[in-house]
Protein chains: 2
Amino acid sequence: MSNLYFNLTSSFLKALAHPTRLKIIERLEQEDELCVCHIYEDLDLEQSNVSQHLKVLRNQGILVSRKDGLKVMYSVRHKEVFKIIDLVKAALYNQLKEDQKHFRP
Amino acid sequence: MSNLYFNLTSSFLKALAHPTRLKIIERLEQEDELCVCHIYEDLDLEQSNVSQHLKVLRNQGILVSRKDGLKVMYSVRHKEVFKIIDLVKAALYNQLKEDQKHFRP
DNA sequence: TAACTATATTAGAATATTCTAATATAATTA
DNA sequence: TAATTATATTAGAATATTCTAATATAGTTA
C-alpha cells in the first residue's frame, strides 16, 4: 500500500477520534439530519466549538451540509461510518471482556 | 451512550490514526508476528520511534508482545482491527469515487 | 563478568490539536 | 435598511503528539 493510502486512512481516523465528534455522529445516526443549533444545545457545548468540529468532519468527507434558510443542516455522508464505529465498539467490548478474565477472584 | 464509551472509542481510534502505526498493523497482518528490529528495518524508521509507536498500540490493547530471547515479538491482539481498517479503506474508496463524478469532463 | 544485541525510556524541541472569547458573515424579518 | 438569528472564522493560550538524540535496561554470548 502506498504512502498516500496510509495518510488518507490516518486522516480519516483522526477526524473520528474525538469524543465530541463521535457524539455528533451518534446524534446524526438517531436523527438523520440536524442543524448546528440543535447539536450544540443537545451536547451542551459552545456554538463555535461545535462549528469547528463539524468543519473537521465535513473536510474529511464524513459529513455533508446544506443550507435551509438561516440554518445549516448536517448529515452523515456514507452510512459506512456507523459500521466503523460499531466495529470499534465491538473490539473494545471484546478487549474488556478478555481483560476481565485476568481479574477473576 | 456514556462519556466513558466516547472517550474509550476516541482513544482507540486515535491509536490507529497514524501512518506509521497503520503500516505496522499492515505488516502484522502479512506476518502474524514480528520483532521490533524487523519492523523498523522494513519501514526504514528509527528504532526508538518504532518502539514508541508500538507502545501506543500495546497500551491501547491493539497489539500484544512476548519476549523471545533478546527479541520482543509483537502481534495484533484481535483480528477485528483489520476489519476496521478495511472498512475505512472502503469508505474512502466510495468517497473518492463519488467525488470523481463531480469532476467529469 | 565484559562486551554485545535488541528494545525501552527519557528529554526536549517542533508541530498539531483543542478550547474560549471575540468577531465576521449571511440569511431573515421587522 | 436595521435589527435579529444562525453559523463560521479568527486569534491565541493551553495541551497533546511526534520526532530525534541520547541513555537505560535486559538478555545473550564470548
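In the surface near DNA strand C, the largest contribution is that of α4(B), with 5 residues; a residue is near a strand if one of its heavy atoms lies within 4 Å of it. Helices (H or I, at least four residues) and strands (E, at least two) are DSSP runs, numbered from the N terminus. The model is predicted: local features need pLDDT of at least 70, side-chain atom pairs count only at pLDDT 80 or more, and totals for chains, interfaces and linings use all residues. Residues are numbered from 1 along each chain as its sequence is written, chains are lettered from A and ligands numbered from 1 in the order in which they are written, and side-chain values use heavy atoms, with hydrogens and water left out.

DNA strand C has 23 residues around it, of which A:His53, B:Cys37, B:Gln47, B:Gln52 and B:Tyr74 come nearest. Of the atoms of DNA strand C that come within 4 Å of the protein, 61% belong to sugar and phosphate. Polar contacts (pairs of N or O atoms within 3.5 Å) involve both chains. An N or O atom in the side chain of B:Tyr74 is 2.8 Å from a phosphate oxygen of DNA strand C, and a polar side-chain atom of A:Arg21 lies 3.3 Å from a phosphate oxygen of this strand. The side chain of A:Gln52, in contrast, has an N or O atom 3.1 Å from a base oxygen. Two or more residues of the surface are given by each of α4 (47-59) of chain A and α3 (36-43), α4 (47-59) and β3 (71-76) of chain B. The surface comprises 7 nonpolar, 10 polar and 6 charged residues, where Ala, Val, Leu, Ile, Met, Phe, Trp, Tyr, Cys and Pro count as nonpolar, Asp, Glu, Lys and Arg as charged, and the others, Gly among them, as polar.

DNA strand D is surrounded by 23 residues, the closest being A:Cys37, A:Gln47, A:Ser51, A:Gln52 and B:His53. Sugar and phosphate make up 59% of its atoms within 4 Å of the protein. Phosphate oxygens of DNA strand D lie 2.8 Å from a side-chain N or O atom of A:Ser51 and 3.1 Å from a polar backbone atom of A:Val36. For this strand, α4(A) gives the most to the surface, with 5 residues.

Chain B is superposed on chain A by a rotation of 180° with 0.0 Å of shift along its axis (RMSD 0.0 Å); the fit is by least squares on the C-alpha atoms of residues with pLDDT of at least 70 in both copies. The two copies are therefore related as by a two-fold rotation axis.

Terms used: Polar contact = N/O pair within 3.5 Å; in protein donor to acceptor, adjacent residues only side chain to side chain.
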